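Open the model in your viewer and keep the sequence panel beside it. The tour goes from ring systems to the whole fold, then to single residues.

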Amino acid sequence: MQYEVIEQPDGLLVRLTGRLDAYSTPAIETALTQAVAATTGAVTVDCGGVSYISSAGLRVLLVGAKAMKLTGRKMRLTMVWPDVLDVITLAGMESFFDVTVPASDDTR
């Protein structure tokens, strides 16, 4: 899993690429926690490059979402592919995030 944190006018974008699983979650949890603390604006997680998400990956996203909620904000997940969205939905976690999916003509 690779990540990149990008400053944007309204906050920070965290772009993820690879598998969000137990192996990669420590680094991603640190990056999300630091991003939430570093801005009073939005924190958007670009999931367009996420090929797989496990329960450990879901937990990390939830940790970030809960930190955002404490400050009255909601974490955004963008470019969430159907297979990743299915895992989020099956876990009943879609209400914790503002989720957008790729346009129908987008491809991986």
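How many aromatic pairs does the structure hold? The structure holds zero. The test asks for rings of Phe, Tyr and Trp (its six-membered ring) with centres within 6.5 Å; planes under 30 degrees apart would count as stacked, over 60 as edge-to-face and the rest as tilted.

This is a predicted model, in which local features need pLDDT of at least 70 and side-chain atom pairs count only at pLDDT 80 or more, while totals for chains, interfaces and linings use all residues. Residues are numbered from 1 along each chain as its sequence is written, and side-chain values use heavy atoms, with hydrogens and water left out.

**Whole chain**

Show the cartoon. You will find three helices and five strands. These are DSSP runs numbered from the N terminus (helices H or I, at least four residues; strands E, at least two). Along the sequence the pattern reads β-β-α-β-α-β-α-β.

Now show the C-alpha atoms. Along the principal axes they fill a box of roughly 30 × 30 × 25 Å. The radius of gyration is 13 Å, which agrees with the value near 13 Å for a compact globule of 108 residues. That radius is taken over C-alpha atoms, and the globule rule is 2.2 Å times the number of residues to the power 0.38.

Colour by accessibility. Buried residues make up 42% of the 108 residues. Buried means under 20% relative accessible area, exposed over 50%, and partly exposed in between (1.4 Å probe, protein chains only). Of the contacts (heavy atoms within 4.5 Å) between residues at least 6 apart in sequence, 64% join residues at least 24 apart.

**The E1–E2 hairpin**

Select residues 2-8 and 11-20. These are strands E1 and E2, antiparallel and joined by seven bridges. Two strands pair if DSSP finds at least two bridges between them. The hairpin connection takes two residues. Gln8 stands opposite Gly11 in E2.

Next, pick Pro9 in the loop between E1 and E2. Is Pro9 buried or exposed? Pro9 is exposed, at 92% relative accessible area. Add Pro82, which is 73 residues away in sequence and 28 Å away, C-alpha to C-alpha.

**Into strand E3**

Select residues 42-53, strand E3, and find Asp46 there. Asp46 has a relative accessible area of 14%, so it counts as buried. A 3.4 Å polar contact joins its side chain to that of Arg15. Such a contact is a pair of N or O atoms within 3.5 Å; within protein, one must be able to donate a hydrogen and the other to accept it, and residues adjacent in sequence count only if both atoms are side-chain atoms. Beyond four places in sequence, Asp46 also touches residues including Leu13, Leu16 and Thr78.

Move to Val43, also found in E3. Val43 is buried, at 0% relative accessibility. Its contacts beyond four places in sequence include Leu12, Ala35, Met68 and Met75. Tyr3, 40 residues away along the chain, is separated from Val43 by 14 Å between C-alpha atoms.

**A charge over a ring**

Show Arg19 and Tyr52. The charged end of Arg19 sits over the Tyr52 ring, 4.1 Å from its centre. The criterion is NZ of Lys or CZ of Arg within 6 Å of the ring centre and within 35 degrees of the ring normal.

**Last stop: Met79**

Select Met79, in the loop between strand E4 (75-78) and helix H3 (82-90). Met79 is partly exposed, at 27% relative accessible area. Its phi is near 55 degrees, a positive value in a residue other than glycine. Most residues other than glycine have a negative phi.
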